[in-house]
Amino acid sequence: MKKLLNLWVKLLTILFPKKIEKVDYVPLDPLPELPPEPRLTNEEKFVKLCIEGLGTDVSPDDIVKDEVGCAESISNLIKKIFPDFPILVSTRDLHNRLSLDSRFQATLDRGKGRIVVSPRTTNTFGHTGVFMDDDSIASNDSNSGKFVINYLEYRDWETDRKSTRLNSSHSAKSRMPSSA
Ligand SMILES: [Ca+2]
């Protein structure tokens, strides 16, 4: 019987000459615990996107000319957080949308990630940008079409909005809530 079994094993070895290497069992060290992924608020995600977009054209489709692409640029950045957000090319439309969209909250605080919109009026040019800290604002640069920090102080923004020496400028800041 044993002879038959040996023969059978030998036959199998011939038929299936697979070499089985002896593998020593090496105990694996347990994987180190990774710190939990930080859960960013929408506003923090938005800031991250804005920082990543600095120095680039964040409205690459150029629905309107880069010279007037501020609202288009901000819309594109918002759309990366909220994919259903429309691409708006007018500061008035953007301002209205942000005021009505429940995902945004009007605030008078200045702070990182707040969207500042000075809507166009019959007498003033509009502009929109994002606070990168309490004072500096990044927005579309009309000359290069790139998203850059072009205001280091908020008062310069206000001055610029009034620089047409016409009646009013209005600033509305909308911020994203912590959760969608
Ligand atoms: Ca553009």
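In the predicted model, Val 116 of β2 has Gly 129 as its bridge partner in β3. The two strands β2 and β3 run antiparallel and are joined by four bridges. In a regular strand the side chains alternate between the two faces of the sheet. Along β2, Ile 115 and Val 117 point one way while Val 116 and Ser 118 point the other way, and all of these residues are buried.

These strands belong to a protein with five helices and six strands, which, read along the sequence, are arranged in the pattern α-α-α-α-β-β-β-β-β-α-β. Of the 180 residues in the protein, 30% are buried. Among contacts between residues at least 6 apart in sequence, 55% join residues that are at least 24 apart.

The largest nonpolar core comprises 25 residues, and those with the most contacts inside it are Cys 50, Ile 74, Val 130 and Ile 137. Two or more residues are given to this core by each of α2 (42-53), α3 (70-81), α4 (91-100), β2 (115-118), β3 (127-131), β4 (137-140) and β5 (147-151), and the largest share, five residues, comes from α3. When neighbours within four places in sequence are left aside, Cys 50 is in contact with Leu 77, Val 130, Met 132 and Ala 138.

The helix α3 has twelve residues and reaches 18 Å from its first C-alpha to its last, close to the 16 Å expected at 1.5 Å a residue. Nine of the twelve residues of α3 are buried, so this helix is largely enclosed by the rest of the structure. The buried residues of α3 are Cys 70, Ala 71, Glu 72, Ser 73, Ile 74, Ser 75, Asn 76, Leu 77 and Ile 78, and what covers them includes the helices α2 and α4 together with the strands β2, β3, β4 and β5.

The helix α2 likewise has twelve residues, and its reach from first C-alpha to last is 16 Å, close to the 16 Å expected at 1.5 Å a residue. Its buried residues are Phe 46, Val 47, Cys 50 and Gly 53. Seen down the axis of α2, these buried residues fall within an arc of 125°, and they therefore line one face of the helix. The buried residues of α2 pack against α3, β3, β4 and β5. After α2 comes Gly 55, which has a positive phi, near 85°.

Beyond the helices and strands, Ser 142 is found in the loop between β4 and β5. This residue counts as partly exposed because it has 15 C-beta neighbours inside 10 Å, whereas 20 or more would be required for a residue to be buried. Although Ser 142 and Glu 67 are 75 residues apart in sequence, their C-alpha atoms are 4.0 Å apart in space.

Confidence in the prediction varies along the chain. The mean pLDDT of the protein is 83, and 86% of its residues reach 70 or more. Confidence is highest in β5, at a mean of 97, and lowest in strand β6 (residues 172-175), at a mean of 51. Over residues 164-173 pLDDT stays under 50, and for this stretch the model has 27 contacts beyond four places in sequence.

Note on methods
Residues are numbered from 1 along each chain as its sequence is written. This is a predicted model: local features need pLDDT of at least 70, side-chain atom pairs count only at pLDDT 80 or more; totals for chains, interfaces and linings use all residues. A nonpolar core is a set of buried Ala, Val, Leu, Ile, Met, Phe, Trp, Tyr and Cys residues joined through C-beta atoms within 7 Å. Two residues are in contact if their C-beta atoms, placed from the backbone, lie within 7 Å. The expected span of a helix is 1.5 Å times one less than its number of residues. The arc is that of the directions from the helix axis to the C-beta atoms. Two strands pair if DSSP finds at least two bridges between them. pLDDT is the predictor's confidence in each residue, from 0 to 100.
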